[in-house]
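Please walk me through this structure in the viewer, one selection at a time. I have not looked at it before.

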Amino acid sequence: MQVEIIVGSMLGASEYVADALAAKLETLGIASEIHLQPDTQQLDQNKLWCICTSTHGAGDLPDNIQPFAEQLKQQQLPQVHYIIVGLGDSSYDTFCQGGKKMHQLMQSANAILLTDPLYIDVLHHPIPEDEAEAWLENLFNQPDFKQQIHSLC
Ligand SMILES: Cc1cc2nc3c(=O)[nH]c(=O)nc-3n(C[C@H](O)[C@H](O)[C@H](O)COP(=O)(O)O)c2cc1C
């Protein structure tokens, strides 16, 4: 099993989280690749997609992931399994709208969500990597989850 880590980041926090997720996956014996300019043509649909994005503006996606979001609007991805890690700040009433938008787009493309999205509030968790790593480790230790991803490359 391998993971495509798809990053949306303006100031680097989600990129740090993506790096931490890749390092955690490595300790679990799982290879991953980080995509900072994600492109549906270059992502392997047989791998697990992990979308890790912040929110900017007033509930907007980071610039680097917007072309990917546009691509998703044109696609059907019924064989793709995905998980979501969103970063946001609960002092905005558009808390984690970027992660929520990506989730909606993947749902519209008929992709398969494997577990509830993780939405990290950086107001209360100033080191979001810690939250993301703990969540991922717990997820990959769950027998149900292991069974679900068993068939993926
Ligand atoms: C200009 C600006 C706008 C933001 N807008 C939102 C927002 O609408 N909703 C939200 O949940 N967080 C918002 N945030 C918080 C960021 O999502 C949060 O700081 C995140 O950690 C940034 O990650 P990044 O460095 O990967 O972009 C905003 C931050 C900035 C600087």
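The tour goes from the whole chain to two helix pairs and then to the ligand.

**The whole chain**

Keep in mind throughout that this is a predicted model. Start with the protein chain in cartoon view, where the secondary structure comes to five helices and six strands. Trace the chain from the N terminus and the elements appear in the order β-α-β-β-α-β-α-β-β-α-α. Now switch to the C-alpha trace, which spans about 40 × 35 × 25 Å along its principal axes. The radius of gyration of the protein chain is 14 Å, which agrees with the value near 15 Å for a compact globule of 153 residues.

**First helix pair: α2 and α3**

Select residues 66-73, which form helix α2, and residues 97-108, which form helix α3. Their axes lie 9 Å apart, and the two helices pack at an angle of about 25°. Angles under 35 degrees count as roughly parallel, so α2 is roughly parallel to α3. The crossing of these two helices is left-handed. To see the contact, show the side chains of A69, L72 and K73 on α2, then those of K101, M102, L105 and M106 on α3. By class, the residues of this contact are five nonpolar and two charged, with no polar ones.

**Second helix pair: α1 and α4**

Next select α1, residues 13-27, together with helix α4, residues 128-140. Here the angle is about 35° and the axes are 9 Å apart. The crossing of α1 and α4 is right-handed. On the α1 side, display A13, Y16, V17, A20, L21 and K24. Facing them in α4 are P128, E129, A132, E133, L136 and E137. This contact holds eight nonpolar and four charged residues, and no polar ones.

**The ligand**

Finish by centring the view on the ligand. Which residues come nearest to the ligand? Of the 22 residues around the ligand, they are S9, L11, S14, S54 and G88. The elements that each give two or more residues to this shell are α1 (13-27) and β4 (81-88), so keep both of them displayed. Colour the shell by class to find 10 nonpolar residues, 11 polar residues and one charged residue.

**Where to look again**

With α1 still selected, turn from one of its settings to the other: α1 packs with α4, and α1 also gives residues to the shell around the ligand.

Definitions and conventions. Residues are numbered from 1 along each chain as its sequence is written. This is a predicted model: local features need pLDDT of at least 70, side-chain atom pairs count only at pLDDT 80 or more; totals for chains, interfaces and linings use all residues. A residue is near a molecule or strand if its C-beta atom, placed from the backbone, lies within 6 Å of it. Helices (H or I, at least four residues) and strands (E, at least two) are DSSP runs, numbered from the N terminus. Ala, Val, Leu, Ile, Met, Phe, Trp, Tyr, Cys and Pro count as nonpolar, Asp, Glu, Lys and Arg as charged, and the others, Gly among them, as polar. Axes are lines fitted to C-alpha atoms, for helices over the stretch in contact, and angles run from 0 to 180 degrees between N-to-C directions. Angles under 35 degrees count as roughly parallel, over 145 as roughly antiparallel, 65 to 115 as roughly perpendicular and the rest as oblique. A crossing is left-handed if the near helix is turned anticlockwise from the far one by less than a right angle, and right-handed if clockwise. Two residues are in contact if their C-beta atoms, placed from the backbone, lie within 7 Å. The radius of gyration is taken over C-alpha atoms; the globule rule is 2.2 Å times the number of residues to the power 0.38.
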